[in-house]
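Here are some worked exercises to try with the model open in your viewer. Have a go at each task before you read its solution.

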Amino acid sequence: MTHIRPILSCQSLRKSYGGNLALADVTFDMNGPGVVAVIGANGVGKTTLINVLTGFVSADAGTWKIAGQDATNRSAASIARMGVARTFQRTRLISRVSVLDNVLLATRSKESATLMAAATGRWRSVESEALDRAQRALDVVGIAKLASRISGALSFGEQKLVSLAGCVGAGARIWMLDEPVSGLGLIARDAVLKVLRDARDRGVLLVVIEHDLAAVKAVADEVVVMAGGSIKMRGAAATVLSSSELLGLYVGRT
């Protein structure tokens, strides 16, 4: 039988803040592609997990790998170069520049390739390729018409789509998304969910933190439930979301 190497795996991740345990020996393999929703009450370690895996926070203990390559406590930039993109609960766009320029920041070539291009006179070619990727990314998420708009003038839902366009343009094979539909109206919410489904269909592994269980039901293939800094339940979305144990995990009875 052929062994399938996980796209993302971690072993015994631990993280504490001032004596409070945010992650308690979190271990999992994710084979992907697909949408894996990470759910649970506030303060159970969901965002900390993504922060650790994307290099924004250092783990106290444990290891993790991306497609078999060690990523333990690498910098955020290094992990991004390994094919991981992320978004935040509140978008982090540069508000005074255009939508296209924001996406360009995510789509430019890896640092080493860009420096080599500059050294060999290929700078214009590399920049042209990045521009093409950024424009295609905006088209993929359905906001090409917003390319010249100043990002700070967009609605919150439009800003969320710009952040997702950055994931597309970067060519990331793993997306880690922190509450992608939180605070959105129905139209923007549906637009974001379509982007997630389309990314899954293109072979992306999406790890999605989300409190909107209706959205989770609509898009997730698998659900992971966290409580007390650890994984308490994991399985097919339909099975987990219909489980009698789920409410207890949310309110801390189990």
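Let us start with a pocket. In this predicted model, the lining of the second largest pocket divides by class into five nonpolar, seven polar and two charged residues.

**Exercise 1. Describe the second largest pocket: what is its volume, and which residues are closest to its centre?**

Step 1. Begin with the volume, which is about 180 Å³ for the second largest pocket.

Step 2. Now turn to the lining. It consists of 14 residues, and those closest to the pocket centre are Gly43, Val44, Gly45, Lys46 and Thr47.

Step 3. Next, assign the lining to secondary structure. Strand β2 and helix α1 (46-53) each supply at least two of the lining residues. The largest share, three residues, comes from α1.

**Exercise 2. Take Thr48: which element holds this residue, and is Thr48 buried or exposed?**

Step 1. Locate the residue: Thr48 is found in helix α1.

Step 2. Check the accessibility. The relative accessible area of Thr48 is 13%, and the cut-off for buried is under 20%, so Thr48 counts as buried.

Step 3. List the contacts, leaving out residues up to four places away in sequence. Thr48 then touches Lys15, Tyr17, Ala22 and Leu23.

**Exercise 3. Work out the strand order of the open sheet of four strands, and find which strands stand at its edges.**

Step 1. Write down the order, which is β2-β1-β4-β5, with antiparallel pairing.

Step 2. Look at the two ends of that order. Strands β2 (20-30) and β5 (69-70) each have a single partner strand, so one side of each has no neighbour in the sheet. These are the edge strands.

Step 3. Examine one pairing in detail. Strand β1 (residues 8-17) and strand β4 (residues 61-66) run antiparallel and are joined by five bridges. Within this pairing, Ser9 stands opposite Lys65 in β4.

Step 4. Recall the background: strands of a sheet pair through backbone hydrogen bonds, in a parallel or an antiparallel manner.

**Exercise 4. How many salt bridges does the structure hold, and which parts of the chain does the pair Arg200 and Asp221 tie together?**

Step 1. Start from the total: the structure holds eight salt bridges. As a reminder, side chains of opposite charge can pair when their charged atoms come close.

Step 2. Take Arg200 and Asp221, whose closest N and O atoms are 3.3 Å apart. Arg200 lies in helix α7 (residues 186-201), while Asp221 sits in the loop between α8 (213-219) and β9 (222-227), so this salt bridge ties together parts that are 21 residues apart in sequence. Asp221 is partly exposed, at 40% relative accessible area.

Step 3. Move on to Arg234 and Glu222, whose side chains meet in a salt bridge at 2.3 Å, N to O. This pair links distant parts of the chain, with Arg234 in strand β10 (residues 230-236) and Glu222 in strand β9, 12 residues apart. Arg234 is partly exposed at 34% relative accessibility, and Glu222 is partly exposed at 22%.

Step 4. Finish with a network: salt bridges that share partners join Arg189, Asp190 and Asp212. Within it, Arg189 forms a salt bridge with Asp190, with 3.6 Å between the closest N and O atoms. Arg189 is buried, with a relative accessible area of 13%, whereas Asp190 is partly exposed at 45%.

Note on methods: Residues numbered from 1 in each chain as written. Predicted model: local features only at pLDDT ≥ 70, side-chain atom pairs only at ≥ 80, totals over all residues. Heavy atoms only, no water. Pairing = 2+ DSSP bridges. 1 Å grid on protein atoms, 1.4 Å probe; cavity = no way out; pocket = protein on both sides within 12 Å on 5 of 7 lines; lining within 4 Å. Points joined across faces, edges and corners; volume = space filled by probe spheres on them. Nonpolar A, V, L, I, M, F, W, Y, C, P; charged D, E, K, R; others polar. Buried < 20%, exposed > 50% of the residue type's maximum accessible area, 1.4 Å probe, protein only. Contact = heavy atoms within 4.5 Å. Salt bridge = Lys/Arg side-chain N within 4 Å of Asp/Glu carboxyl O.
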